[in-house]
Structures are given as structure tokens and as C-alpha cells.
Amino acid sequence: NLTSAGNGVAQPAFAFATSAIDGRARTGLITTAHGQIRTPAFMPVGTAATVKAMYPAQVKQLGADVVLGNTYHLMLRPGAERVARLGGLHQFMNWPHPILTDSGGFQLMSLSKLRKITEKGVTFQSHIDGARYELTPERSIEIQGLLGADIQMQLDECVRMPCAREEADRAMQLSLRWAERSKAAFGALPGQGLFGIVQGADVPELRVESARKLIDIGFHGYAVGGLAVGEPQDVMLAMLDVVTPILPADRPRYLMGVGTPDDLVESVRRGVDMFDCVMPTRAGRHGLAYTRHGKVNLKNARHAEDTRPLDEASPCEASSAWSRAYLHHLVKSGEILGMMLLTWNNLAYYQELMAGMRAAIAAGRLDDFIAETKDGWARGEA
Ligand SMILES: CNc1nc2cc3nc[nH]c(=O)c3cc2[nH]1
């Protein structure tokens, strides 16, 4: 299904097709203007138009098909209009592959000052220079369009948990009205998609109402928001058990801000197709390595003379070509290479885990794969 982009060059329309099914889990392929995304997919976070401490080509080589950009950060610096004048985000950061941008609401709620939410949108002060801004559903879509994102997100209001039911209901209803306005403002270019975001905190009835009304509005994909905001994992998984079964099977399901390796396997098992999380990159910058044998905190003195690499069986050089002793030294010394190698290792492990799940689903053995994976984490150091 090709559509003309007006310049005579045929552009693929945004599309999603599932292939293998294993219980509630499935593999799929998302087609966008900048390429295809194999699902289940983990999206490295590229907040300020860079996946911190990584080269774009390296991120791609690890198996990431898509990265996330943050509207909040980019609208403040360098500015959406400037990125557009410079050719858009793909060209600006030299990432000629799919990009998903969030809408800015979540980051501004956690980073900006003097925030005020009204029916119209959110006004706030920049955490960088205190300048005042307004973000409405329409402006957020305009910014994401200026950035040129292949997948764009509606503006929503995400409440922290625990929260009163009335508060969760108010924010969920506002997010539904903003979903309508976001869709009305979305001028889909060929190969671009818009996702709605399911809210409703930890209240099943609110989650069901939000999902059903978003489906009535109609989106290219559906995100489950309002989670990974401090609630226990079992509450997050319980909300997935409520929501994923009622989302359309032929549209991608995106769990925002998740998560640890254990969160990923438990959520893929429950039918989630897309994830984003700062965990692997941020933890890497703080000396924490994720491996198939569990977590390794390289700040710990017990590594000071350990000549073993993080994982000699890993195809990733960062995991096999340097000793833990050296990584410990780099981390303790605050050396830039320490951040680079651990970020590289962590993203490699996350992509290896996603590729393993995609293969396991295709072979109808996801439960076995998850059991083997958890066993590896539990056994710890070989
Ligand atoms: C790190 N946890 C987390 N990152 C999130 C980003 C989000 N964006 C939009 N809407 C959300 O509800 C939302 C929830 C989130 N939880």
C-alpha cells in the first residue's frame, strides 16, 4: 500500500502486520516512512537528539530499529522550528531510520517549573532558562511534525500513583479530549502514524473506558501510559491484563517508559509490542551493567582485580573485550570511556533480549525462553 508523497516518490503508508502468535505475545513489523520496526521492539531514548554516549551507527548496529526523541527537550533547545530549518530530526542527528517522539507532557510535568494545566493545554517555565511556554495538543503535534517524527504521540496528562479515583478520572477524561484534538491536528504525511495513550491509573474501569473511547476515535497505534510511575510491578502487569486484551490486535501496543529486563519479558508475554526506557543508558552512565547473568555494579570494589569481561559469550565487544577490573577503574575514575562501554553493553543486552523474544515467539517457545532467561539472571555470575 504505497501512497504518493506529492513529490512523485512513492512512500510506504504507515502499516503494522503481526506474524507469529504465542499466547498473548506476537511478533510484528511496523512500516514507516524511514524504515521498518521489528516488534517486540525496544526503543533507546535519544532525549536531546542523541542516544547519550553512543554513535547513531552503533545504536543501529546493535539491532535498534527506532529511537525515541523528547519533544519537551527539543522544543526548548534547539527549538522545533530550528530543527525543521536544518532538515528535520533524522538529518539533524544523522539517524536515517524510524523515530518516535513523545508529546512533551510527561517530561514537562517532571522537569519544568510553575506548571499550570487548563482545558486548553499546559503552561510552564523552562527548566533551562525560566522562559514561559504553552503546550497544547495542537502545538505538540505541530512540533512533532516539524521534527519529522515517524510516530507521534497525543498530548496527555499522566498522573502519579497512588492517586484518588476522581483525580485519575479527571486526567483520563482530559486526555481523551486532548486525544480528539491531537488527531484533528495531525496532518499525517505518508509513513507517519499517530498513537493515542490509554490512561486511568490503577482503576480497571477507567482503563477500560479510556481504551474503548480511544479506539472509537481511531489511532494508528495505542500506548499504555500512566505506568512506571512508582507503582509496584504487579500493579503495572495487572493494568496490562486489563488493557491489552481490548486493544485492537492489528495495531501496535506501546508501554511507555518501561522498563527493566524483567518488566520487558513480563510485558511482552502480555501482548506489548513496543517499549522505551532510559534504564539501560542511564544505568550505564552510573556504572551499572545489565547482562544475561543479571546486574553487575562496576562501582563495587569486588571487581577491582576481576580479569573476566562482563560476558565473554556476548557478540558485543563492550561485553567481551574489556575486563571488569578495567571497567571498575574507569567508573571509579569517572572516565568517559566507562560511560561509553557500559551504555554500549547495556543497549546490546536489551536488544539481544528483544531479539531472543522475537525468535522465541516465532518458534512458539516464549514461556521456555523467559524461564531460561530468568534462570540466567538468578544464577548470576557464571
Ligand atoms: C519512566 N516511566 C514513564 N515514562 C512515561 C512517559 C509517558 N509519556 C506520556 N504519557 C504517559 O502516561 C507516560 C508514562 C510514563 N511512565
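Which strand holds Ile151? Ile151 sits in strand β12, which covers residues 151–153. Welcome to this structure, which is a predicted model. The chain is built from 15 helices and 18 strands. Its radius of gyration is 21 Å, close to the 21 Å that the globule rule gives for 382 residues, so the chain is as compact as a globular protein of that length. The points below start with the whole chain and then visit a handful of residues.

**The chain as a whole**

- Measured out along its principal axes, the C-alpha trace spans about 60 × 50 × 45 Å.
- Of the 382 residues in the chain, 55% count as buried.
- The accessible surface comes to about 15,500 Å², and carbon and sulfur atoms account for 54% of that surface.
- Take the contacts between residues at least 6 apart in sequence: 64% of them join residues at least 24 apart.
- The chain carries 40 positive and 41 negative charges, and the mean positions of these two groups are 4 Å apart.

**Ile151, in strand β12**

- Is Ile151 buried or exposed? Ile151 is buried, because its relative accessible area is 1%, and under 20% counts as buried.
- Leaving aside residues up to four places away in sequence, Ile151 touches Phe14, Ile37, Ile99, Leu100, Thr101, Gly193, Phe195 and Met274.
- Phe195, one of these partners, is 44 residues from Ile151 along the chain, yet the C-alpha atoms of the two are separated by 7.2 Å.

**Ser103, in a loop**

- Ser103 belongs to the loop that runs between strand β8 (99–101) and helix α5 (105–111).
- Ser103 is buried too, with a relative accessible area of 3%.
- Which backbone oxygen lies 3.0 Å from a polar atom of the Ser103 side chain? That oxygen belongs to Gln154.
- Gln154 is also among the residues that Ser103 touches, once those up to four places away in sequence are set aside. The others in that list are Thr71, Leu135, Ser140, Gln144, Met153, Leu155 and Asp156.

**Two cis peptide bonds**

- The peptide bond from Arg77 to Pro78 is cis, and its omega is near 10°.
- Pro78 is placed in the loop between helix α2 (71–76) and helix α3 (80–85).
- Val258 and Gly259 are likewise joined by a cis peptide bond, with omega about 5°.
- Where is Gly259 placed? Gly259 is in the loop between strand β15 (253–255) and helix α10 (261–268).

**Positive phi angles at Ala53 and Leu114**

- Ala53 is not a glycine, but its phi is positive, at about 75°.
- The loop between strand β6 (41–43) and helix α1 (56–61) is the place of Ala53.
- With a relative accessible area of 34%, Ala53 is partly exposed.
- Leu114 is not a glycine either, and its phi is positive at about 50°.
- Leu114 is found in strand β9, made up of residues 113–117.
- How does Leu114 count, buried or exposed? Leu114 is exposed, because its relative accessible area is 60%, and over 50% counts as exposed.

Conventions:
Residues numbered from 1 in each chain as written. Predicted model: local features only at pLDDT ≥ 70, side-chain atom pairs only at ≥ 80, totals over all residues. Heavy atoms only, no water. Helix = DSSP H or I, 4+ residues; strand = E, 2+ residues; numbered from the N terminus. Buried < 20%, exposed > 50% of the residue type's maximum accessible area, 1.4 Å probe, protein only. Polar contact = N/O pair within 3.5 Å; in protein donor to acceptor, adjacent residues only side chain to side chain. Contact = heavy atoms within 4.5 Å. Rg over C-alpha atoms; globule rule 2.2 N^0.38 Å. Areas by Shrake-Rupley, 256 points an atom, 1.4 Å probe, with all protein chains shown as cover. Lys, Arg positive; Asp, Glu negative; His and termini not counted. Charge placed at Lys NZ, Arg CZ, Asp CG, Glu CD.
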